[in-house]
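Reader: I have a structure open in front of me and would like to learn how to read it. Could you walk me through it?

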Amino acid sequence: MRYAVLGAGKRLRPLLVLAAAEAVGGQREAALRAACAVELIHAYSLAHDDMPCMDNDVLRRGKPTLHVQYGEAQAMLAGDAMQALAFDVLTPDEGLAPALQAKLCRLLARASGYDGMAGGQAIDLASIGKPLDEAALRDMHRRKTGVLLQASVLMGAASGDLPAAAWEALSRYGAAIGLAFQVVDDILDVTQDSDVLGKTAGKDQDNNKPTYVSVLGLEPARAYALRLRDEAHQALAASGLADTAWLSLLADKVVERDN
């Protein structure tokens with residue numbers, strides 16, 4: 001579990017939790033627990049995604065994937081344990097009100113399950129070698145990657161009190177950068193090498209998976225990522241929140257990154 005969670009990695013999801021919590025003046029204890037929980041879910045998903053029964057990859061975050069290092073059974077069990085630990089972290093005996101614990105657990109569970117990450121991965125595996133139009137591709141990426149990033153923002157927002165309009169604006173921000181992240185991932189898969197990415201480059205093309213590059217083309221995909229970044233900034237402007245500097249910076253970093 002430590003091998004999968006600690007070490008290299010962008011930590012984008014916990015950063016989004018903390019940035020959103022700062023924007024709404026949220027409880028620090030709740031935000032820190034939510035940040036750790038969402039990173040545990042992300043790390044478990046990577047461990048399982050990399051296994052031979054799924055994406056069958058050997059490199060993650062610049063080192064051998066979990067099943068390569070410890071074997072398939074240990075990788076499966078470590079992923080299961082990280083998922084359980086995420087919800088344990090969100091439900092301490094004291095320090096977080098029960099209603100807030102429940103809200104954080106619900107946000108994370110829904111983003112991780114059939115209508116979120118797990119469902120998106122199932123669509124991804126079922127789509128190998130099949131043509132997808134842009135709407136179907138967008139739905140797959142929304143579930144596979146976008147919803148957990150959006151939930152990261154909302155979990156941070158849930159640590160404070162804010163009007164419904166601000167909550168909706170942060171939800172739109174999270175949806176925009178969630179999709180932008182996957183669009184950029186598709187671009188980097190064909191434009192960067194494995195040393196820079198920290199994972200196997202060209203994997204999607206080799207596996208004949210539909211991506212934004214294969215559906216739209218490279219330059220239109222880049223233009224779409226920029227439009228999504230603009231949508232994220234517009235949502236922040238509409239939120240009415242005074243301090244969204246970190247959220248704004250993270251929206252830029254999602255699009256401008258090279259790994």
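Author: We will go from the whole chain to single residues, one feature at a time. Please keep in mind that this is a predicted model.

Reader: Let me start with the broad view. How many helices and strands are there in the chain?

Author: A good first step is to list the regular elements. Here the chain has 14 helices and two strands.

Reader: What does the radius of gyration say about the chain?

Author: The idea is to compare the value with what a compact globule of the given length would have. For 259 residues that expectation is near 18 Å, and the chain has 18 Å, so the two agree. You can add the extent of the C-alpha trace, which spans about 45 × 40 × 30 Å along its principal axes.

Reader: And what percentage of the residues count as buried?

Author: Of the 259 residues, 51% count as buried. The surface can be described too: the chain exposes about 11,700 Å², and 54% of this comes from carbon and sulfur atoms.

Reader: How do I read the contacts between residues that are apart in sequence?

Author: Take the contacts with a separation of 6 or more, and ask what share joins residues 24 or more positions apart. In this chain that share is 72%.

Reader: Now the charges. How many positive and negative charges does the chain have, and how far apart are their mean positions?

Author: There are 26 positive and 33 negative charges, and their mean positions are 1 Å apart.

Reader: Let us turn to pairs of charges. How many salt bridges does a search of the whole structure find?

Author: For a salt bridge, look for a side-chain nitrogen of Lys or Arg within 4 Å of a carboxyl oxygen of Asp or Glu. The search of the whole structure finds 14. One of them joins the side chains of Glu39 and Arg11, with 3.4 Å from N to O. Glu39 belongs to helix α3 (residues 28–49) and Arg11 to the loop between α1 (2–5) and α2 (12–24), so this pair ties together parts that are 28 residues apart in sequence.

Reader: Are Glu39 and Arg11 buried or exposed, and what decides that?

Author: The relative accessible area decides: buried means under 20%, exposed over 50%, and partly exposed lies in between. Glu39 has 6% and therefore counts as buried. Arg11, at 23%, is partly exposed.

Reader: Which residue does Arg143 form a salt bridge with?

Author: Its partner is Asp139, and the closest N and O atoms are 3.1 Å apart. Both sit in helix α8 (residues 134–158), and because they are four residues apart there, about one helical turn separates them. Asp139 is partly exposed, at 27% relative accessibility. Look around this pair as well: Asp115, Asp139, Arg142 and Arg143 are linked in a network of salt bridges.

Reader: Where do I find a pair that links two helices?

Author: Try Glu256 and Arg229, whose side chains meet in a salt bridge at 3.8 Å, N to O. Glu256 is in helix α14 (residues 245–256) and Arg229 in helix α13 (residues 218–239), so the pair links distant parts of the chain, 27 residues apart.

Reader: Next, the backbone. Which residues have a positive phi without being glycine?

Author: Two cases to look at are Arg11, with phi near 60°, and Asn56, with phi of about 55°. You have met Arg11 already, in the loop between α1 and α2. Asn56 is in the loop between α3 and β1 (59–60), and at 41% relative accessibility it is partly exposed.

Reader: Last, how do I compare distance in sequence with distance in space?

Author: Pick two residues, count the positions between them, then check their C-alpha atoms. Ala242 and Ala23 are 219 residues apart along the chain, yet their C-alpha atoms are separated by 7.2 Å. Ala242 lies in the loop between α13 and α14 and is exposed, at 86% relative accessibility. For Glu94 and Asp161, 67 residues apart along the chain, the C-alpha separation is 20 Å. Glu94 is in the loop between α5 and α6 (98–112), and at 67% relative accessibility it counts as exposed.

Definitions and conventions. Residues are numbered from 1 along each chain as its sequence is written. This is a predicted model: local features need pLDDT of at least 70, side-chain atom pairs count only at pLDDT 80 or more; totals for chains, interfaces and linings use all residues. Side-chain values use heavy atoms; hydrogens and water are left out. The radius of gyration is taken over C-alpha atoms; the globule rule is 2.2 Å times the number of residues to the power 0.38. Buried means under 20% relative accessible area, exposed over 50%, partly exposed in between (1.4 Å probe, protein chains only). Contact means heavy atoms within 4.5 Å. Accessible areas come from the Shrake-Rupley method with a 1.4 Å probe; for residues, only the protein chains shown count as cover. Lys and Arg count as positive and Asp and Glu as negative; His and the chain ends are not counted. The place of a charge is taken as NZ of Lys, CZ of Arg, CG of Asp or CD of Glu.
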